[in-house]
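This report concerns a metal site and a bound ligand in a protein model. The sequence and the coordinates are shown first.

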Amino acid sequence: ACSSYRLRDALHPLWQSEFSVSGGTRQSPINIQWRDSVYDPQLKPLKIHYDPDTCLYIWNNGYSFQVEFDDSTDKSVIMGGPLENHYRLKQFHFHWGAINEWGSEHMVDSKVFPAELHLVHWNPVKSTSFEEAIMENNGLVVIGVFLKLGAHHAGLQKLVDALPAVKHKDAIVEFDVFDPSCLVPSCPDYWTYDGSLTTPPLTESVTWIIKKTPIEVDQNQLEEFRMLLFTSAGQEEKRMVDNFRPLQPLMNRTVRSSFR
Ligand SMILES: COc1ccc(N2C[C@H](O)c3cc(S(N)(=O)=O)sc3S2(=O)=O)cc1
Ligand SMILES: [Zn+2]
């Protein structure tokens, strides 16, 4: 894994140079060293209540595909875990590689996964809008779920079937009635740490919750991700792959685990 990591890092100077914020002390993603994580018995189980009717549309934002939700009410929220209050689901998206040997943003004991799901939530108690929450300390909570190559994922397939409609940058397609909790593993175990957005503006406003157990997807489903394009219609095609940020230093942070 480390060799492919070095290779993948060398292949992607863009991500290395463009996305390094000066003076950051809590940047993401990180390599989670299982043995250095600290079990915190005060961490509660994470509670997830998503209403499938709050799903709005899928769009290609030029570095991933994103599924947006109606966040004007508390219909789709998470609570518990390390959180003092509830957080509203705003969007989810993925990061993936050109090949199965890499693609995730976080790593566990230097193990990379072919892809990683991010469910982005914001704190409606501390902030009056998502845009405001992005700039707030711990204004956002992102749940990270690793994807590994394995069985076909029936819930994901509904999403995959819509991807050809958003092949190009800025394409958008209506996507109603989808419950993203089908993408979250039932195992309750997670790690949590204070970090940042992994794309610009890289703000240090994210409480990360990384699920220990990956979900399984099959090769065809990963290949469908790789058929998307970074480029707009009419431009020279660039396949949307390797849209992950390199690992960032842990610095003075502790990763807590919800499990022994
Ligand atoms: C300044 O305006 C904005 C700033 C940020 C964003 N977002 C889009 C980003 O792609 C992005 C990436 C996230 S990740 N990989 O989970 O760390 S979370 C997130 S976002 O939804 O906050 C939208 C508007
Ligand atoms: Zn992300």
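The text below treats the zinc site, then one of its histidines, and then the surroundings of ligand 1.

The model is predicted, so local features require pLDDT of at least 70 and side-chain atom pairs pLDDT 80 or more, whereas totals for chains, interfaces and linings use all residues. Residues are numbered from 1 along each chain as its sequence is written, chains are lettered from A and ligands numbered from 1 in the order in which they are written, and side-chain values use heavy atoms, without hydrogens and water.

**Zinc site**

The zinc ion (ligand 2) has as protein donors His93 through NE2, His95 through NE2 and His118 through ND1, lying 2.0 Å from the ion. Donors are N, O and S atoms within 2.8 Å of the metal (3.2 Å for Na, K and Ca); water is not among the atoms, so sites may look incomplete. The four donor atoms around the zinc ion subtend angles of 99 to 115 degrees, which makes the arrangement tetrahedral; for four donors that term requires all angles to lie between 85 and 135 degrees. For comparison, the ideal angle for four tetrahedral donors is 109.5 degrees.

Along the sequence, the donor residues follow the spacing H-x1-H-x22-H. His93 belongs to strand S7 (residues 87-96) and His118 to strand S9 (residues 115-122), so the pair ties together parts that are 25 residues apart in sequence. Strands are DSSP runs of E with at least two residues, numbered from the N terminus.

His93 counts as buried at 11% relative accessibility, and His118 is buried with a relative accessible area of 1%. Buried denotes under 20% relative accessible area (1.4 Å probe, protein chains only).

**Surroundings of His93**

The side chains of His93 and Gln91 are joined by a polar contact of 2.8 Å. Leaving aside residues up to four places away in sequence, His93 touches residues including Phe65, Glu116 and His118, where contact means heavy atoms within 4.5 Å.

**Ligand 1**

Among the 15 residues around ligand 1, those that come nearest are Tyr63, Gln91, Leu197, Thr198 and Thr199; a residue is near if one of its heavy atoms lies within 4 Å. The table lists side-chain polar atom pairs with ligand 1; a polar contact is a pair of N or O atoms within 3.5 Å.

| Residue | Ligand 1 atom | Distance |
|---|---|---|
| Tyr63 | oxygen | 3.0 Å |
| Gln91 | oxygen | 2.7 Å |
| His118 | nitrogen | 3.4 Å |

Taken alone, ligand 1 exposes 520 Å², of which the protein buries 79%. Strand S7 supplies the largest share of the shell around ligand 1, three residues, and S7 and S9 each supply at least two.

Definitions and conventions: Tetrahedral: all angles 85-135°; square planar, octahedral: opposite > 155°, others 65-115°. Helix = DSSP H or I, 4+ residues; strand = E, 2+ residues; numbered from the N terminus. Buried < 20%, exposed > 50% of the residue type's maximum accessible area, 1.4 Å probe, protein only. Polar contact = N/O pair within 3.5 Å; in protein donor to acceptor, adjacent residues only side chain to side chain. Areas by Shrake-Rupley, 256 points an atom, 1.4 Å probe, with all protein chains shown as cover.
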